Structures are given as structure tokens and as C-alpha cells.
Amino acid sequence: MFLLNNLPLPTNMECRKGCAACCIYPSISTPLPGLPNGKPSMMPCPHLNDDKLCSLFGKPERPAVCSGFKPEEWMCGSSETDAATNFKWLLKEKTGVIELKAH
Ligand code: SF4
Ligand code: SF4
């Protein structure tokens with residue numbers, strides 16, 4: 001398993017609105033509203049809206065693991081396609097499981 005921790009690293013990168021790759025490819029094992037056991041890898045989070053934005057953004061029920069997650073160049077690349085490619089590579093190389101996890 002490869003853990004995408006909420007690393008307290010300085011990052012200048014802004015999240016690309018409407019990308020949502022990190023809301024699709026990694027698994028989340030902590031509860032999400034409506035998903036008490038989290039979600040598996042490759043499952044688009046049901047809290048993505050039609051614009052592929054988080055419908056829980058700014059709300060207290062948004063999981064801490066999501067609120068603390070920060071974009072990083074190595075993972076997000078410069079496009080949604082880059083991010084999807086990077087996550088698929090991680091899935092293939094890292095025993096098929098990548099997980100968003102808080103410290
Ligand atoms: S993969 Fe990166 S750019 Fe895309 S939504 Fe997640 S944090 Fe934002
Ligand atoms: S709750 Fe929001 S940020 Fe977290 S995975 Fe779902 S859509 Fe993404």
C-alpha cells in the first residue's frame with residue numbers, strides 16, 4: 001500500500017479546479033458521509049458535483065483527510081490527464097492500493 005499522507009510540506013501549487021483525480025483514484029478508509037467504511041480506489045467520490053468539485057468543501061462533515069490534503073507537482077502534474085496517469089502508475093507499481101490518509 002502506498003500512503004498519500006497529508007504532508008506538512010510547503011507547496012506553491014494550487015489545486016486545479018475540476019481535476020478531481022485524487023477524489024477518484026486513491027482509496028479512503030476513514031468514514032465519509034454516506035460511506036461509513038470510506039471508499040475504494042477507482043471509485044469517484046459521490047460527493048463530487050457535476051463540475052467535479054467537492055460538494056462538502058467548507059462544511060464540517062468534509063473528512064479531515066480531504067481538508068488536509070495538498071496538491072503536489074509530482075502527483076498532480078500539469079493537467080488532469082497527468083494526474084490520472086500518475087495515480088494509475090502508483091496503483092500499478094504500489095500493490096494496487098493507494099490511500100489518502102491523515103497523520
Ligand atoms: S490531483 Fe491534485 S490538482 Fe487534481 S484535484 Fe487532486 S490535488 Fe487537485
Ligand atoms: S469528500 Fe470531497 S474532497 Fe473528499 S474525496 Fe469526496 S469529493 Fe473529494
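## Around ligand 1

C15, R16, C19, A20, A21, C22, P71, C76 and A83 are the residues around ligand 1. Sort that shell by class and you get 8 nonpolar residues, no polar ones and 1 charged. Bear in mind that this is a predicted model.

Several of these names come back later. R16, C19 and A21 turn up again as contacts of E80, while A21, C22 and A83 reappear in the nonpolar core.

## Around ligand 2

Ligand 2 has its own set of neighbours: C23, L32, C45, H47, L48, C54, L56, R62, P63 and C66. What is the class make-up of the shell around ligand 2? It has 8 nonpolar residues, 1 polar and 1 charged.

## The overall layout

The protein has 3 helices and 3 strands. Going along the sequence, they come in the pattern β-β-α-α-α-β. Among them are β1 at 2-5 and β2 at 27-28, α1 at 64-67, and α3 at residues 80-93.

How much of the protein is buried? Of its 103 residues, 19% are. As for the contacts with a separation of 6 or more, 65% of them involve residues 24 or more positions apart.

## The nonpolar core

In general, nonpolar side chains in soluble globular proteins tend to be buried together. Here, the largest nonpolar core has 14 residues, and A21, C22 and A83 are the ones touching the most other members. Helices α1 and α3 each supply at least two residues of this core.

Take A83 as one example. Setting aside neighbours within four places in sequence, A83 is in contact with C19, A21, M75, C76 and G77. Two of the names there, C19 and C76, also belong to the residues around ligand 1.

C22 sits in the loop between β1 and β2. Is C22 buried or exposed? It counts as buried because 20 other C-beta atoms lie within 10 Å, and 20 or more is what the label asks for.

## E80 and its contacts

E80 belongs to helix α3, which covers residues 80-93. It has 15 other C-beta atoms within 10 Å, so it is partly exposed.

Which residues does E80 touch, once those up to four places away in sequence are left out? They are R16, C19 and A21. R16 is 64 residues from E80 along the chain, yet their C-alpha atoms are separated by 8.1 Å. R16, C19 and A21 are also listed around ligand 1.

## Two positive phi angles

Most residues other than glycine have a negative phi. M42 is not a glycine, but it has a positive phi of about 75°. K52 is not a glycine either, and its phi is positive too, at about 60°.

Where do these residues sit? M42 is in the loop between β2 and α1, and K52 is found in the loop between β2 and α1 as well. M42 is partly exposed because it has 13 other C-beta atoms within 10 Å. For K52 the count within 10 Å is 17, so it is partly exposed too.

M42 also links back to the core residue C22: the two are 20 residues apart along the chain, with their C-alpha atoms separated by 9.6 Å.

Technical notes
Residues are numbered from 1 along each chain as its sequence is written. Chains are lettered from A and ligands numbered from 1 in the order in which they are written. This is a predicted model: local features need pLDDT of at least 70, side-chain atom pairs count only at pLDDT 80 or more; totals for chains, interfaces and linings use all residues. A residue is near a molecule or strand if its C-beta atom, placed from the backbone, lies within 6 Å of it. Ala, Val, Leu, Ile, Met, Phe, Trp, Tyr, Cys and Pro count as nonpolar, Asp, Glu, Lys and Arg as charged, and the others, Gly among them, as polar. Helices (H or I, at least four residues) and strands (E, at least two) are DSSP runs, numbered from the N terminus. A residue is buried if 20 or more other C-beta atoms lie within 10 Å of its own, exposed if 12 or fewer, and partly exposed in between; C-beta atoms are placed from the backbone. Two residues are in contact if their C-beta atoms, placed from the backbone, lie within 7 Å. A nonpolar core is a set of buried Ala, Val, Leu, Ile, Met, Phe, Trp, Tyr and Cys residues joined through C-beta atoms within 7 Å.
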